[in-house]
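Got your viewer open? Let's take a walk through this chain, one selection at a time.

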Amino acid sequence: MSSTAKNLYDLIYFARKVLSLQKMEKFQLNILGCGSALPTTRHFSSSQVINLRNKLYMIDCGEGAQLQLRKSKLKFSRLNRIFISHLHGDHVFGLLGLISSFGLLGRTAELHIYSPVGLQKLFEPLLNFFCYQLPFSVIFHEFTTKEPTLIFEDRTITVTTIPLSHRIPCCGFLFEEKKLANHLIREAADFYGIPISQFNCIKNGGDYVTPEGEIIPNCKLTTPADAPRRYAYCSDTRYKPEIISQIKGVDLLFHEATFADEDQARAKETYHSTASQAATIARDAEVGELLIGHFSARYEEESVLLNEASDIFPKTTLACENLCINIKPNN
């Protein structure tokens, strides 16, 4: 190989390195609702959607979730899995309407719903009455909430429950992206004439040996895959330090912050958390960012909650409807 060709290749290689750092696969959190039990003119009931490489995963489905889904410009057809934290109305009242709308839209793909034990028994009579001619199947996957449990896995993500402390069985969810193979630099593959049959081996860390016996190290043929990202959802719960070990170092933590410090007694009585307690969890778990929500209707605006949380954990953001957050690695 001539020195000119090597220099040209090196320029291409470093350019690809820079581009790979700038572009990451989509992993977004969309807030549909961040209020608590009583809807207000400011907030809808709890609901979120994770957009991972254009696959949608809904967490809780409070009243108005399908309206907010439209406002967020998320495609109904890409939502196939819904995760319900517990069976309180502000987390499930939107589910029947959403399923009905799916039927009116002519959906045929299966809809999978993951929830604590009891939702299937509750919903089957309602589905039989209001949605008795659905063109698709609704499949319930029920679990207990006392221990962390892997409830879903595919080639890109795992979803594990996070046991919480609430008035009824309740859990959060830990979404963990799986590590991908390295990115093959196509210019390098073309430059060295690497056959397609060798691509997978190289993506998984192998070197390439040319027909002349020259060893081309993997670092010259690939750029590292993006670091796997993790998102933890914790609502509804009173202050529970036991979850810290499970969510340690997550890139983004959503933790309920229903009350301010002055209402700490009410928080304890209703099995909810204050903003400062949410921030303490975030600080001790060394998370990348904290997003607080599930706001009590008693607060006209939530700056008091943001201030109390930020005093403990500065990288805190208030949830709001139609907020979209790109989840980035916790460096």
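Select Asn 54 to begin. You'll land in the loop between strand S2, residues 47-52, and strand S3, residues 55-61. Keep in mind as you look around that this is a predicted model. Now check the backbone here: phi of Asn 54 is positive, about 70°, even though this residue is not a glycine. Is Asn 54 buried, exposed or partly exposed? Its relative accessibility is 34%, so Asn 54 counts as partly exposed, since that label covers the range between under 20% for buried and over 50% for exposed.

Next, jump to Lys 73. This one sits in the loop that runs between helix H2 (65-71) and strand S4 (79-83). Lys 73 isn't a glycine either, and its phi is again positive, near 60°. Turn on the surface if you like: with 74% relative accessibility, Lys 73 counts as exposed.

Time for a pair of helices. Select residues 95-104, which form helix H4, and residues 119-130, which form helix H5. How do you describe two packed helices? You use the angle between their axes and the distance between the axes. For H4 and H5, the axes come within 11 Å and cross at roughly 45°. That angle is neither under 35 degrees (roughly parallel) nor in the 65 to 115 range (roughly perpendicular), and H4 and H5 are therefore oblique to each other. Their crossing is right-handed.

Now show the side chains where they touch. Which residues meet there? On the H4 side, pick Leu 95, Leu 96 and Ile 99; on the H5 side, pick Leu 119, Phe 123, Leu 126, Leu 127 and Phe 130. Color this contact by residue type and you get 8 nonpolar residues, with no polar and no charged ones.

Move along to Ser 235 and Asp 236. The peptide bond from Ser 235 to Asp 236 is cis, and its omega is near 5°. To get your bearings, Asp 236 lies in the loop between strand S14 (230-234) and helix H8 (244-247).

Finally, zoom out and show the whole chain as a cartoon. There are 11 helices and 18 strands to find. The C-alpha trace spans about 75 × 55 × 35 Å along its principal axes. Of the 331 residues in the chain, 51% are buried. Switch to a surface view and you're looking at about 15900 Å² of exposed area, 53% of it supplied by carbon and sulfur atoms. One last thing to trace: among contacts between residues at least 6 apart in sequence, 66% join residues at least 24 apart.

How values were computed. Residues numbered from 1 in each chain as written. Predicted model: local features only at pLDDT ≥ 70, side-chain atom pairs only at ≥ 80, totals over all residues. Heavy atoms only, no water. Axes fitted to C-alpha atoms, helices over the stretch in contact; angles between N-to-C directions. Helix = DSSP H or I, 4+ residues; strand = E, 2+ residues; numbered from the N terminus. Parallel < 35°, antiparallel > 145°, perpendicular 65-115°, else oblique. Left-handed = near helix turned anticlockwise from the far one by under 90°. Contact = heavy atoms within 4.5 Å. Nonpolar A, V, L, I, M, F, W, Y, C, P; charged D, E, K, R; others polar. Buried < 20%, exposed > 50% of the residue type's maximum accessible area, 1.4 Å probe, protein only. Areas by Shrake-Rupley, 256 points an atom, 1.4 Å probe, with all protein chains shown as cover.
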